[in-house]
Amino acid sequence: MLTKDTFSREETRHLKIGFGVAMGILLIITFWILADNRINHQEAGTYYPLHARFNRTDGLLVGDIVRLAGMNIGKVVDAKLDSEYKALLTLEIKDDIKLPDDSSASIVSSGIMGAKYIEIEPGGSEDMLIPGDEFTYTQDAMVIEELVDRIISIGKANRNKSKK
């Protein structure tokens, strides 16, 4: 049986810190599992396919969600390279969501280090996309390293201008 004098003060402090870290990790994992926004296609309703072609899809995976106005309306079900080495994604969209044929698809992130998803911006056309159609307008994923490089180069340019 352990008594109060079994561990030194330092050992007791390390045990408390270790327990706190373990609980923090457990909370993060629990939150991550509960916050999973992927659409389960066992939900009621049917889906139709649309295609989107991108130059780069960094961080976007098959199974990631498709959103419109912040609401989940589908998911990415396939990704492959076309003959011009562009990423051709197949999206499944809920049947009750009709999109104008001039709508755009953008790969965005839910934060600086957040998961990627596809955001649909509806156009103003009267004609609608039909199953199997392809988005005419797409915007590629922004790579965080490129963004940081751009910010640094702008800062350097501004610093050089102010020295003159």
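## Basis and central pairing

Strands β3 and β4 run antiparallel and are joined by seven bridges. Strands here are DSSP runs of E with at least two residues, helices are runs of H or I with at least four residues, and both are numbered from the N terminus. Two strands are taken to pair if DSSP finds at least two bridges between them. This is a predicted model, in which local features need pLDDT of at least 70 and side-chain atom pairs count only at pLDDT 80 or more, whereas totals for chains, interfaces and linings use all residues. Residues are numbered from 1 along each chain as its sequence is written, and side-chain values use heavy atoms, with hydrogens and water left out.

Within the β3–β4 pairing, Lys-80 stands opposite Leu-88 in β4. The hairpin of these two strands has five residues between them, and Tyr-85 takes a positive phi near 60° there.

## The sheet as a whole

Seven strands form an open sheet with mixed pairing, in the order β1-β4-β3-β2-β6-β5-β7. The edges are occupied by β1 and β7, each with a single partner strand, so one side of each is left without a neighbour in the sheet. From one strand to the next, the twist averages 30°; for such angles, axes are lines fitted to C-alpha atoms, for helices over the stretch in contact, and values run from 0 to 180 degrees between N-to-C directions. Strands of a sheet pair through backbone hydrogen bonds, either parallel or antiparallel.

At one edge, β1 pairs with β4 in the antiparallel sense over eight bridges, and Phe-54 stands opposite Ala-87 in β4. Six of the eight residues of β4 are buried, so β4 is largely enclosed by the rest of the structure. Buried means under 20% relative accessible area and exposed means over 50%, with partly exposed in between (1.4 Å probe, protein chains only).

## Strand β6 and its partners

Five of the six residues of β6 are buried, so this strand is also largely enclosed by the rest of the structure. Strand β2 (residues 65–68) pairs with β6 in the parallel sense over three bridges, and Arg-67 stands opposite Glu-119 in β6. By contrast, β5 and β6 pair in the antiparallel sense, over six bridges. Strand β5 is in turn joined by three bridges to β7, and these two run parallel; Ser-106 stands opposite Gln-139 in β7.

Ser-104 lies in strand β5 (residues 104–109), and its bridge partner in β6 is Glu-121. Ser-104 counts as buried because its relative accessibility is 18%. Leaving aside residues up to four places away in sequence, Ser-104 touches Glu-119, Ile-120, Glu-121, Phe-135 and Tyr-137, a contact being heavy atoms within 4.5 Å.

## Salt bridges

A salt bridge is defined as a side-chain nitrogen of Lys or Arg within 4 Å of a carboxyl oxygen of Asp or Glu. The count by this rule comes to three. Arg-53, Asp-82 and Glu-134 are linked in a network of salt bridges. Arg-53 bonds in this way with Asp-82, where the closest N and O atoms are 2.5 Å apart. Arg-53 lies in strand β1 (residues 47–54) and Asp-82 in the loop between β3 (71–81) and β4 (87–94), so the pair ties together parts that are 29 residues apart in sequence. Glu-134 forms a salt bridge with Arg-53, its closest N and O atoms being 2.8 Å apart. Because Glu-134 lies in the loop between β6 (116–121) and β7 (137–139) and Arg-53 in strand β1, this pair ties together parts that are 81 residues apart in sequence.

Asp-82 is buried at 14% relative accessibility, whereas Arg-53 is partly exposed at 26% and Glu-134 is partly exposed at 32%. Asp-58 forms a salt bridge with Arg-56, with the closest N and O atoms 2.5 Å apart. Asp-58 is partly exposed, at 31% relative accessible area, and Arg-56 is partly exposed, at 33%.

## A nonpolar surface patch

Ile-17, Val-21, Ile-25, Ile-29, Trp-32 and Ile-33 form a nonpolar patch on the surface, with about 640 Å² of accessible area together. Patches are made of residues with over 30% relative accessible area and no salt bridge, like charges being joined within 9 Å and nonpolar side chains (Val, Leu, Ile, Met, Phe, Trp, Tyr) within 5 Å. Accessible areas come from the Shrake-Rupley method with a 1.4 Å probe, and for residues only the protein chains shown count as cover. Ile-29 lies in helix α1 (residues 9–34) and is partly exposed, with a relative accessible area of 41%.
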